[in-house]
Amino acid sequence: MLDQRNHQGKFAEDYVRALASAAGLLVYKDDLDHDGIDLGFRYPGRSGHIASPAIEVQVKSWSAPAHKGPDLHFPGLNEVQYNKLVAGPFLVPRYLFVVVVPRERDRYARVETEGLTLSRLCYYRGFEGEQAIASPSARRHAPVRVPLGNVLTVRALRELVGAPA
């Protein structure tokens, strides 16, 4: 059995993989997480003048969400991780995906007559135009505001990737 932290993180990655599958996207993973990227998502075709549009994401899980007003206040990135999402420009756009999960593992998924329900929601945030932190430290955290309106759905994921409607 996985410990709580690894189980929660694995569930978060599998949650977004399920959305990508429903969206008809390919999921890829680098052989080593050296660049701050957990997963990549690609549309396997053309979208206008672009072939195989893609995004790359860092996936985080969170079982104790805190929000003020219209935003989640996610404290889970250190400054080095933050800069790996911000310090572009990047050829492939980068996002943070925050999967809010129940505290209890047995509530991650439910099977009902209508089908499988994955618990809670995933939210996303892009960083285009943000400034990197000068002299980042892995010991200091960079709190990130994630709009509650940015719920990752099949449609939203296809739009982020740039897949045709």
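**Entry 1: the annotated domain**

I began with the UniProt record, an unreviewed entry, which places "domain: DUF4365" on residues 11-160. The model I am reading is a predicted one. I looked up what the chain does over residues 11-160 and found 19% helix and 33% strand. The C-alpha atoms at the two ends of that stretch are 21 Å apart.

**Entry 2: the whole protein**

Next I stepped back to the full chain. I counted 3 helices and 12 strands in the protein. The radius of gyration came out at 16 Å, and the globule rule gives 15 Å for 165 residues, so the protein is as compact as a globular protein of that length. Along the principal axes, the C-alpha atoms fill a box of roughly 50 × 40 × 35 Å.

I also asked myself what share of the 165 residues is buried. Buried residues make up 40% of them. Then I checked the contacts with a separation of 6 or more, and 65% of these are between residues 24 or more positions apart.

For the surface, I noted an accessible area of about 9,600 Å², with 52% of it belonging to carbon and sulfur atoms. The protein has 21 positive and 18 negative charges, and the mean positions of the two sets are 3 Å apart.

**Entry 3: strand β5 and E56**

I picked E56 to look at, in strand β5, which runs over residues 54-62. Is E56 buried or exposed? Its relative accessibility is 14%, which is under the 20% cut-off, so E56 counts as buried.

I then listed the partners of E56, leaving aside neighbours within four places in sequence. They are Y28, I37, L39, G40, V92, P93, R94 and Y95. P93 caught my eye in that list, so I went there next.

**Entry 4: P93 and the loop after α2**

I found P93 in the loop between α2 (79-86) and β8 (94-100). With 36% relative accessibility, P93 counts as partly exposed. Apart from residues up to four places away in sequence, P93 touches A54, I55 and E56. I also checked P93 against H34, which is 59 residues from it along the chain, and their C-alpha atoms are separated by 17 Å.

While in the loop between α2 and β8, I stopped at P89, which sits there too. A cis peptide bond joins G88 and P89, with omega about 10°.

**Entry 5: Q81 in helix α2**

Moving back along the chain, I looked up Q81, which lies in helix α2. At 21% relative accessibility, Q81 counts as partly exposed, since buried means under 20%. Which residues does Q81 touch, if those up to four places away are not counted? I noted Q58, K60 and G76. The C-alpha atoms of Q81 and G36 are 6.1 Å from each other, with their places 45 residues apart along the chain.

**Entry 6: helix α3**

I turned to helix α3, residues 154-161, and wrote down its buried residues: A156, L157, R158, L160 and V161. In an α-helix there are 3.6 residues a turn, so residues three or four places apart point the same way. I kept that in mind while looking for what lies over the buried residues of α3. The cover includes α1 (4-23), β2 (39-42), β5, β8 and β11 (122-126). After α3 comes G162, with a positive phi near 95°.

**Entry 7: G126 in strand β11**

Strand β11 holds G126, so I looked there as well. G126 is partly exposed, with a relative accessible area of 29%. Its contacts, not counting residues up to four places away in sequence, are R94 and Y95. Both R94 and Y95 were also on my list for E56. I then checked G126 against L160, 34 residues away along the chain, and found their C-alpha atoms separated by 9.5 Å.

**Entry 8: two positive phi values**

Last, I looked at two residues that are not glycines and yet have a positive phi. One is R120, with phi about 70°. R120 lies in the loop between β10 (115-118) and β11, and its relative accessible area of 38% makes it partly exposed.

The other is S135, with phi about 50°. I found S135 in the loop between β11 and β12 (144-147). At 62% relative accessibility, S135 counts as exposed.

Note on methods. Residues numbered from 1 in each chain as written. Predicted model: local features only at pLDDT ≥ 70, side-chain atom pairs only at ≥ 80, totals over all residues. Heavy atoms only, no water. UniProt positions renumbered as here; feature names shortened; annotations may be inferred. Helix = DSSP H or I, 4+ residues; strand = E, 2+ residues; numbered from the N terminus. Buried < 20%, exposed > 50% of the residue type's maximum accessible area, 1.4 Å probe, protein only. Contact = heavy atoms within 4.5 Å. Rg over C-alpha atoms; globule rule 2.2 N^0.38 Å. Areas by Shrake-Rupley, 256 points an atom, 1.4 Å probe, with all protein chains shown as cover. Lys, Arg positive; Asp, Glu negative; His and termini not counted. Charge placed at Lys NZ, Arg CZ, Asp CG, Glu CD.
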